[in-house]
Amino acid sequence: MKFKKPTLLALIHISSLLLLSADSTRPPFSCDSSHPPTKSYPFCNSSLSINQRVQDLISRLTLDEKISQLVNSAPAIPRLGIPEYEWWSEALHGIAYFSTVHTGMRFNGTIQSATSFPQVILTAASFDVHLWYRIGQAVGKEARAIYNAGQATGMTFWAPNINIFRDPRWGRGQETPGEDPVVTGKYAVSFVRGIQGDTFEGGKLGEHLQASACCKHFTAYDLDNWKGVNRFVFNAKVSQQDLTDTYMPPFRSCIQEGKASGIMCAYNRVNGVPNCADYNLLSKTARQWGFNGYITSDCDAVSIIHEEQGYAKLPEDAVADVLKAGMDVNCGNYLKNYTKSAVYKRKLPISEIDRALHNLFSVRMRLGFFNGNPVNQPFGHISSDQVCSQEHQNLALEAARNGIVLLKNSNKLLPFSKAKTASLAVIGPNANSTRTLLGNYAGPPCKTVTPLQGLQNYVKDIGYHPGCNAVNCSYPLTDQAVKVAKGAEYVVLVMGLDQTQEREELDRVDLALSPKQQKLISTVTRAAKNPVVLVLLSGGPVDITFAKYDKHIGSILWAGYPGEAGGQALAEIIFGDHNPGGRLPVTWYPQSFVKVPMTDMRMRPDPSSRYPGRTYRFYQGPKVFEFGYGLSYSNYSYEFLPVAQNKVYLNNQLKSPKVELENSNAFKYIPVSELRTELCDKRIPVTVRAQNHGDLAGKHPLLLFVRREKISNGRPEKQLIGFQSVILNAGERADVEFELSPCEHLSTSNEEGLMVIEEGSHFLSIGEKESEITVVI
């Protein structure tokens with residue numbers, strides 16, 4: 001039998017296939033210097049600009065090859081030496097796996113776990129931007145180490161989730177930094193800078209990415225599945241006022257300050273238009289903010305534009321709509337299946353495909369995937385010993401410690417004495433559950449310490465009982481639990497929720513614990529010898545009014561989903577080795593709030609229809625616990641030091657001749673856009689003196705708010721403008737300086753969505769103390 005001599009092209013093709021599948025421990029990359037055919041390609045020439053290199057690469061692709069790269073699982077292009085790439089990886093609070101099929105990260109090699117930090121809602125409760133940055137740093141390093149070990153086909157992570165936790169029933173609220181746009185924006189900036197390899201202050205990243213962060217879900221997405229309304233068909237009706245001052249600011253911060261290299265557009269429609277097909281949102285708004293990166297759909301979000309929302313008549317219309325709007329990559333296969341026919345039907349020009357590919361390959365190049373062997377690149381030195389390092393595990397413990405919130409501590413029940421506590425009963429379905437600790441979007445942790453295991457390090461004589469079969473307590477085991485409780489000096493109940501109660505695709509319909517769990521708690525507390533400690537694991541707020549006023553429950557701790565070291569952190573707080581300082585990043589509403597439709601997106605109250613509004617900024621109604629609430633084993637006092645400038649004059653700060661405008665309540669105001677940059681760049685120092693009056697050292701977050709003298713016309717009740725943590729020893733005091741920006745902190749959104757500054761008194765507040773700033777027009 002005769003064989004044809006292989007052509008040069010065939011040899012290149014075969015050698016490329018061998019290159020792409022050669023070594024499972026070798027990370028995938030393009031432009032291998034040991035692979036001669038690639039040397040001649042300009043896209044492999046790192047001395048050229050990324051723009052030039054990407055243009056060269058795109059020019060070499062066939063239409064079929066171009067289309068193949070528009071989906072999350074982008075196949076290899078062997079003839080050009082380009083390996084496959086997976087855009088979908090998760091890193092919400094540590095490297096995670098979400099799908100065994102679609103994931104850029106694998107745990108099937110030398111690395112089989114990663115540090116699992118607390119779920120975001122608990123980390124946010126620390127109100128510590130530097131902590132958030134350090135967690136991002138650790139996640140980015142572990143991601144790069146996994147790639148360098150050959151266990152990754154992608155380094156684009158679809159985190160952080162920076163949607164506003166608008167409604168307490170939202171199953172994914174646990175993934176967010178809470179309900180406040182300032183906190184959420186600062187979290188986005190800190191985490192993104194950390195994971196991408198920037199400095200804490202930002203601005204030093206350059207073109208190289210340690211890993212790529214993606215801020216999601218753009219925008220006004222905070223409903224998954226509530227009473228038959230799901231995120232795929234939901235049309236969020238949002239006023240321009242609420243978009244301007246609530247839903248959009250975190251994304252603007254993420255882009256302008258965090259320099260995120262990715263955005264994910266959300267499933268839902270906003271005012272009738274699907275987010276992923278909204279040119280004004282993706283191209284006009286995000287790109288005008290200076291966004292430099294790629295935009296991905298949420299998974300199958302393109303298909304639903306046609307199949308469920310009916311916004312697009314044909315599949316090809318949906319494909320054309322999203323690419324013309326500015327979306328770049330489709331999580332799913334809709335673009336793979338219908339882009340070619342959209343081109344042939346003249347619904348889509350190839351230039352839109354090229355535009356998307358330019359954004360996609362630019363990010364892959366910034367990650368170093370086209371610069372040859374990654375060992376020789378800026379992040380090539382990060383090795384597997386960075387994963388689950390002691391430093392990162394200590395950081396996970398620190399984050400859990402600093403986030404846990406003390407909600408009640410009657411008669412100073414806590415901390416327990418390490419020397420005098422003879423016996424302890426630990427009861428509850430979450431007491432020894434490793435899975436509950438992690439929350440959703442979690443990977444295999446380095447190790448886990450449950451609350452039971454953590455407490456066993458302090459007390460030898462411990463009785464344990466789960467109390468019931470699960471958190472819904474469908475099969476309570478009350479008699480056995482009572483017996484264990486009666487046999488101990490003190491009782492710690494570890495109760496709350498888990499992912500069977502709240503998660504993606506599952507919103508709650510109640511804010512209370514299940515009736516059987518409440519009954520178990522009440523029965524055990526009455527059987528105990530002393531007031532008990534109630535620990536709640538949950539992402540969303542819970543109406544625990546019954547426990548708040550129950551004299552048999554001496555202390556209450558909220559621990560979110562505290563991550564791999566959560567049990568140790570809880571035990572350290574319960575026995576006084578750590579002084580709790582966490583503060584709630586969300587309002588805790590009463591059960592009666594469930595009468596408010598989750599589909600009502602309005603932030604501001606409407607007294608005429610008895611609509612109470614949402615979040616601490618606008619809600620007018622009873623609360624179980626307020627935003628920012630949190631106790632300590634120490635008492636702290638605050639004092640405003642005299643402000644050097646307590647009046648802000650706007651009449652001489654206009655860009656053009658003075659024009660005085662009046663709102664409906666006859667308050668004079670000036671749009672921020674009409675003010676000179678000198679005023680908007682100005683920072684007024686505000687100093688707060690804080691003192692620890694307790695016997696223990698503590699880390700204490702200071703939350704600085706501003707409010708108007710009169711609350712009306714859609715103004716917030718109050719607005720957080722800054723927060724800082726201070727560590728104070730027993731009896732110690734310190735001066736903490738904040739910076740007040742008149743344009744940023746004294747402005748509010750009017751009904752047209754215009755940011756304006758009104759004349760009159762503004763009051764800075766911290767605790768019960770206030771300091772007046774007057775705006776003069």
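User: What makes a pair of side chains a salt bridge here?

Analyst: A salt bridge needs a side-chain nitrogen of Lys or Arg within 4 Å of a carboxyl oxygen of Asp or Glu. The model is predicted, so local features need pLDDT of at least 70 and side-chain atom pairs count only at pLDDT 80 or more, while totals for chains, interfaces and linings use all residues. Residues are numbered from 1 along each chain as its sequence is written, and side-chain values use heavy atoms, with hydrogens and water left out.

User: Why is the pair Asp32 and Arg26 called a salt bridge?

Analyst: The closest N and O atoms of Asp32 and Arg26 are 2.5 Å apart. The limit is 4 Å, so the pair qualifies.

User: Why is Asp32 called buried or exposed, and what is Arg26 called?

Analyst: Buried means under 20% relative accessible area, exposed over 50%, and partly exposed in between, with a 1.4 Å probe and protein chains only. Asp32 has 6%, so Asp32 is buried. Arg26, at 31%, falls in between and is therefore partly exposed.

User: How do you know that Asp328 and Arg287 form a salt bridge, and where do they lie?

Analyst: Their closest N and O atoms are 3.6 Å apart, which is within 4 Å and therefore meets the definition. Asp328 is in the loop between α11 (315-325) and α12 (334-344), Arg287 is in helix α9 (residues 279-288), and the two are 41 residues apart. Helices are DSSP runs of H or I with at least four residues, strands are runs of E with at least two, and both are numbered from the N terminus. Asp328 has 0% relative accessibility and is therefore buried, whereas Arg287, at 28%, counts as partly exposed.

User: What makes Asp550 and Arg526 a further case?

Analyst: The closest N and O atoms of Asp550 and Arg526 are 3.1 Å apart, so this is a salt bridge as well. The pair links distant parts of the chain, with Asp550 in the loop between α19 (545-548) and β17 (553-558) and Arg526 in helix α18 (residues 515-527). Asp550 is buried at 7%, and Arg526 is partly exposed at 49%.

User: How many salt bridges does the whole structure hold, and which residues are linked in a network?

Analyst: The search finds 33. Arg172, Glu175, Asp224, Arg231, Glu504 and Glu505 are linked in a network of salt bridges.

User: How do you know that the span of helix α14 agrees with its number of residues?

Analyst: The expected span is 1.5 Å times one less than the number of residues. Helix α14 (residues 390-403) has 14 residues and should therefore span 20 Å, and its end C-alpha atoms are 20 Å apart, which agrees.
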